Amino acid sequence: MEMERRKEELEKKRQKLAELRRAREERKQVFSTAAQKQEEKSVERSKKEQVEDLVKSLLKEKPIDHPGTPTSSKSDDAESEKGILSHHARHGSISTGYGFSPGTSVPQSPSIAAPRYIPEFSSYEAVILDIAPKELILYSKEVQTTEKSFGPLPPNEDEIRVKILKEQEEKEKARQAALEEERLRIEDEKKKMQQLKDISEDDRKKIISSNEFVEFIDHSTKIVERALNENYDYMKDYSIIKDNENDDQSGSRVKYVNSFFDDRWTKNRSVTDVNWSRRNPELCVASYNKNPIAMNEPDGVALVWNLKLLERPEFVFHSQSDVLTTMFSEFHPTLVIGGTYSGQIVLWDNRSKSLPVLKTPLSASGHTHPVYSMQMVGTQNAHNLITASTDGLICSWQLDMLVQPQETLELVHAEHSKTDEVSVTALGFPDNETAAFWVGTEEGIVYQANRYGRAGGKAGINPYDVYKGHWGPITGLHFHPSTGPYSFSDLYLTSSVDWTCKLWRAKSISKPSTSPQTITPLYSFESADDYVYDVKWSPKHPAMFASVDGTGKFSLWNLNVDTEVPIVSTQVGSQAKALNKINWDKEGRKTAIGSSDGRVHIYDIGELAHPRDDEWDIMQKTISEMTTESHSGRSK
């Protein structure tokens, strides 16, 4: 709007300037026309003057006497001439033909009375020019404001006093009206309460025991407990105050965070597996076996624990059989999968009740023996759940259809000691691999198998490559996650009841052996004093892994620092119970450890989880040295 107004003002100024120029041109034209006419008149007047001068000169030389004119005195003649001249002077448009001046007398004859001479007059028109006056523009050095631009005069004291009193009266009226309205509302509520009937004791118990009321209380109290368990201090300035906890995390110590335990659901049970959620890093799921004392409780349970809800589980899931392994679905954050002692695969949904939403049937088409290990392979749009049971059966499932497996593969080996079937206790896929996998068995042997047939081999166990090194059942098998500049995806760790952990290098599946070949481990870690129940690589540090054993020790290894002893060894729990399972969270900072007394312990390793830039180079050098020593030992 301001720009349009200024444009209009500029346009008006341009029009006014154009009018002024036009008026100036018109005045110049009028002046030039008037000057031209004046020149013409001056030329004409000069000609007439010349004629008059000529006439005057002739009259002086030859005076003319007019007879018949009575004699008169000089004074009369002079007066008459003066009167004529004065009359001529008053009328500017008449001029005489004679050149007499006012003081000149006409010569007269003393004796002869000559007649009076009457001059002849001529007339001309005078052009009157109407010249417009020059326009004068005047400026005044005053403030260009109007009286309206100034505000009104401030009110005096009397006006202010009256205004304040009026406002106070209005506020008092509004307050009285609000009080009256509140009084009427309270009276109405009292009347309504008097009209309501008292709830009987049976109705009250019915409401309290209803599912809706129980779910509401459960959900509400979880929210309150999460807020109360929040460790963040809103009154502390963390940018100024140094937290003492950083001292523990920056050194070579691990920090104890919390232990999850519930008297109803975990008492007299053992933890059989633990796993973290990849979508919700504060959630951890643990599976439990049967409680021999509580006969009315379900045989197997899976509890979802929350790091912000310390006193009780977030979700409780039931199963008709002991749950031996469990995991969150990597692509469906609300689904929890479990493998049971009966061979069933159960699927729970935290949006539903505690019972499974889907489960596999107890038939020959699926597992009929205990399922100790499972893993999900594939991508978001194409993934499968691979499960292995102790009868040597490998099944591939789709989570939305557990009626029957998509694929089944029976692992048999002709040179197996007792039966042809291979009893699988551990299963592992290399990173970004969906077809080839490795299995650990009860005999302590690791086999390589293929889900599909390929050139040079068929689906099933590769009968030629046998990984021998353990002298007891294998309890855990885990492949190295391929992160960083170097890929160590062909390395895997195994744990066994022979008190050792071993490091292996998997043979390339593109070059299968054509004759029987025994592959030995690259290195053996023998610092444990009891069964080693599980081992897991760190998801972030290339040279770090953790193991747990039957004495209740949590050991943290770093191959770049020392290969003989762990860098940290911590006694978990006060009663030194056996530790069954361990797993890392997504960031590789926290570990969840399952104990045989039903507790899930959470530890934070602090700054040890963050590798230096040269860790991958050192790891590459360490693996090369181990490989060289392994080959030299074989040659000896």
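Here is a short back-and-forth about how some labels on this predicted model are earned.

Reader: Let's start broad. What does the secondary structure come to?
Author: The protein has 7 helices and 31 strands. Of its 636 residues, 36% are buried.

Reader: What makes C284 count as buried?
Author: Its relative accessible area is 1%. Buried means under 20%, so C284 qualifies. C395 also has a relative accessible area of 1%, so the label buried fits C395 as well.

Reader: How many disulfides are there, and how do you know?
Author: The count is 0 disulfides. The cut-off is a pair of cysteine sulfur atoms within 2.5 Å, and a count of 0 means that no pair passes it.

Reader: Why are β9 and β10 called paired strands?
Author: Pairing takes at least two bridges, and 5 bridges join β9 (residues 335-340) to β10 (residues 345-349), so they are a pair. The two run antiparallel, and L335 stands opposite D349 in β10.

Reader: What is the order of strands in the open sheet of 4 strands?
Author: The order is β8-β9-β10-β11, with antiparallel pairing. As for the ends, β8 (323-328) and β11 (358-359) each have a single partner strand, so one side of each is left without a neighbour in the sheet. In general, strands of a sheet pair through backbone hydrogen bonds.

Reader: Which residues have the most contacts inside the largest nonpolar core?
Author: They are L503, F525, F545, L559 and M619, in a core of 20 residues. At least two residues of this core come from each of β21 (491-496), β22 (501-505), β24 (523-525), β25 (532-537) and α7 (615-635). The element that gives the most is α7, with 4 residues.

Reader: What does L559 touch?
Author: Leaving out residues up to four places away in sequence, L559 touches L503, F525, W537, A543, F545, M619, T622 and M626. A touch here is a contact, so heavy atoms of L559 lie within 4.5 Å of each of those residues.

Reader: Which residues does the second core include?
Author: Among its 17 residues are I386, I394, V439 and I445, and this core is separate. Cores are joined through side-chain atoms within 4.5 Å, so being separate means no such link ties the two together.

Reader: How much of the contact total comes from residues 24 or more positions apart?
Author: Those residues account for 55% of the contacts with a separation of 6 or more.

Reader: And what is the accessible surface of the protein?
Author: About 40,000 Å², of which 53% belongs to carbon and sulfur atoms.

Terms used:
Residues are numbered from 1 along each chain as its sequence is written. This is a predicted model: local features need pLDDT of at least 70, side-chain atom pairs count only at pLDDT 80 or more; totals for chains, interfaces and linings use all residues. Side-chain values use heavy atoms; hydrogens and water are left out. Buried means under 20% relative accessible area, exposed over 50%, partly exposed in between (1.4 Å probe, protein chains only). Accessible areas come from the Shrake-Rupley method with a 1.4 Å probe; for residues, only the protein chains shown count as cover.
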